[in-house]
Amino acid sequence: MNKDIFHEILAIISKKFSDKALHSSDVAKIKNNVDRDVVTELDIEIHQSVEQILKRYQVDGLVSEEGDSDIKFSDNINNKIILLDPLDGSLNYATGLDFYCSMIAYIENGIIEYSGICIPSIKQLVIFNRSNNSLISSKDMTATQTDLYGPTYFAYGSNVSDAHSTIKSELIDNIDKYGNGLIRLGSAGYGVYLAATGRLTGFVGLNIKICDALQLFPIARFMGLKIIYGIHGENLNVVLTRNMDLYNSVNETFKKSGYSLNSFNLNERVEVASE
């Protein structure tokens with residue numbers, strides 16, 4: 001896969017967003033009987049458009065938030081795959097809030113070769129190319145604030161239950177101790193972007209979906225954030241931050257709870273924990 005194909009996919013995604021007045025923001029379905037986990041018509045249309053593009057190219061599979069549930073990231077990590085969340089923040093989009101985005105990555109043999117995010121509300125399109133270590137964006141990506149002690153985005157999956165109450169509470173304590181409280185916007189990808197550009201202290205994810213953040217790891221790392229993560233099945237635990245106190249404390253909390261973690265580096269394979 002070359003950069004032209006990746007650019008073509010993002011161009012189609014951007015066009016779908018620009019034409020959003022032509023689309024219904026009605027909720028098409030609710031997933032997993034969780035009211036906040038909705039799918040809109042635009043989710044489905046973006047997913048189907050990317051599927052059509054990929055039919056012309058040699059890609060082994062599309063791992064998508066709205067795709068075939070039988071196609072697992074962990075089973076395809078050694079293949080040539082696209083990892084996609086067509087519309088991260090679907091409920092925000094459906095209710096008229098601006099916190100939503102589309103995230104995509106091309107992964108080959110476990111290495112994220114291309115990474116991209118489209119944020120319509122601020123007219124931002126960002127693409128990272130690992131082969132030449134380059135990042136291009138439609139708006140300035142300079143981290144003007146790099147706030148080490150501001151709020152941190154805290155995302156947790158809909159599968160987080162009472163059994164996770166201890167680690168969830170300890171992560172919140174970490175966030176409060178090494179920053180200025182937590183923030184949630186209903187779009188994990190938007191949160192990673194805000195952390196990458198220095199508007200937030202960091203991003204912490206507990207048992208979130210892989211599609212919620214992994215695509216943006218290269219962009220965040222390129223922007224200077226340290227990243228430690230663990231993929232267990234189809235779930236992702238992660239901290240991305242420039243604040244080393246937050247980084248170390250969250251790392252210890254995850255480890256104490258029995259999660260194995262890895263540091264993310266641009267030229268290394270994404271690791272999946274053995275079950």
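Is asparagine 265 buried, partly exposed or exposed, and what is its relative accessible area? Asparagine 265 comes out as partly exposed, with a relative accessible area of 27%; on this scale buried means under 20% relative accessible area, exposed means over 50%, and partly exposed is whatever lies in between, using a 1.4 Å probe and protein chains only. The residue sits in the segment after β14 (262-263). Its C-alpha atom is separated by 7.9 Å from that of proline 218, which is 47 residues away along the chain.

All of this comes from a predicted model, in which local features need pLDDT of at least 70 and side-chain atom pairs count only at pLDDT 80 or more, while totals for chains, interfaces and linings use all residues. Residues are numbered from 1 along each chain as its sequence is written, and side-chain values use heavy atoms, with hydrogens and water left out. As for pLDDT, it is the predictor's confidence in each residue, on a scale from 0 to 100. The protein chain averages 88, and 89% of the residues score at least 70. Among the elements, helix α6 (residues 217-222) has the highest mean pLDDT, at 97, and strand β1 (residues 27-30) the lowest, at 54. Where pLDDT is low, the predicted coordinates should not be read in detail.

On the broad view, the chain's secondary structure comes to 7 helices and 14 strands. These are DSSP runs numbered from the N terminus, with helices being H or I over at least four residues and strands being E over at least two. Of the 275 residues, 53% are buried. Contact here means heavy atoms within 4.5 Å, and among contacts with a separation of 6 or more, 64% link residues 24 or more positions apart. The chain exposes about 11800 Å², with carbon and sulfur atoms supplying 45% of that; accessible areas come from the Shrake-Rupley method with a 1.4 Å probe, and for residues only the protein chains shown count as cover.

Next, the inside. A search of the whole structure turns up 1 cavity of 30 Å³ or more. A cavity is a set of points, on a 1 Å grid over the protein atoms alone, where a 1.4 Å probe fits but cannot get out, and lining residues have an atom within 4 Å of a point. Grid points are joined across faces, edges and corners, and a volume is the space filled by probe spheres set on the points. The largest cavity has a volume of about 30 Å³, and its lining consists of Ile117, Val192, Tyr193, Ala196, Leu216 and Ile219. That lining splits into 6 nonpolar residues, no polar and no charged, where Ala, Val, Leu, Ile, Met, Phe, Trp, Tyr, Cys and Pro count as nonpolar, Asp, Glu, Lys and Arg as charged, and the others, Gly among them, as polar.

Helix α5 (residues 188-196) gives the most to this lining, with 3 residues. In α5, 9 of the 9 residues are buried, so the helix is largely enclosed by the rest of the structure. Just after α5, glycine 198 takes a positive phi of about 85°.

Positive phi also turns up away from glycine. Asparagine 109, with phi near 50°, is found in the loop between β5 (101-108) and β6 (111-119), and at 44% relative accessibility it counts as partly exposed. Lysine 123 has a positive phi of about 55° and is placed in the loop between β6 and β7 (124-129); at 67% relative accessibility, lysine 123 counts as exposed.

Lysine 123 shows up again among the contacts of lysine 139. Leaving aside neighbours within four places in sequence, lysine 139 is in contact with Ile122, Lys123 and Gln124. Lysine 139 lies in the loop between β8 (134-137) and β9 (152-156) and is partly exposed, at 42% relative accessibility. Its C-alpha is 5.8 Å from that of glutamine 124, 15 residues apart in sequence.

Two buried residues round things off. Isoleucine 227, in strand β12 (residues 226-232), has a relative accessible area of 2%. Beyond neighbours within four places in sequence, its contacts include Phe217, Val239, Tyr247 and Asn262. Isoleucine 227 and asparagine 262 are 35 residues apart in sequence and 8.4 Å apart, C-alpha to C-alpha. Asparagine 251, in helix α7 (residues 244-256), is buried at 9%, and outside that same four-place window it is in contact with Ile228 and Leu261.

Technical notes
On a 1 Å grid over the protein atoms alone, a cavity is a set of points where a 1.4 Å probe fits but cannot get out, and a pocket is an open set with protein on both sides within 12 Å along at least five of seven lines; lining residues have an atom within 4 Å of a point.
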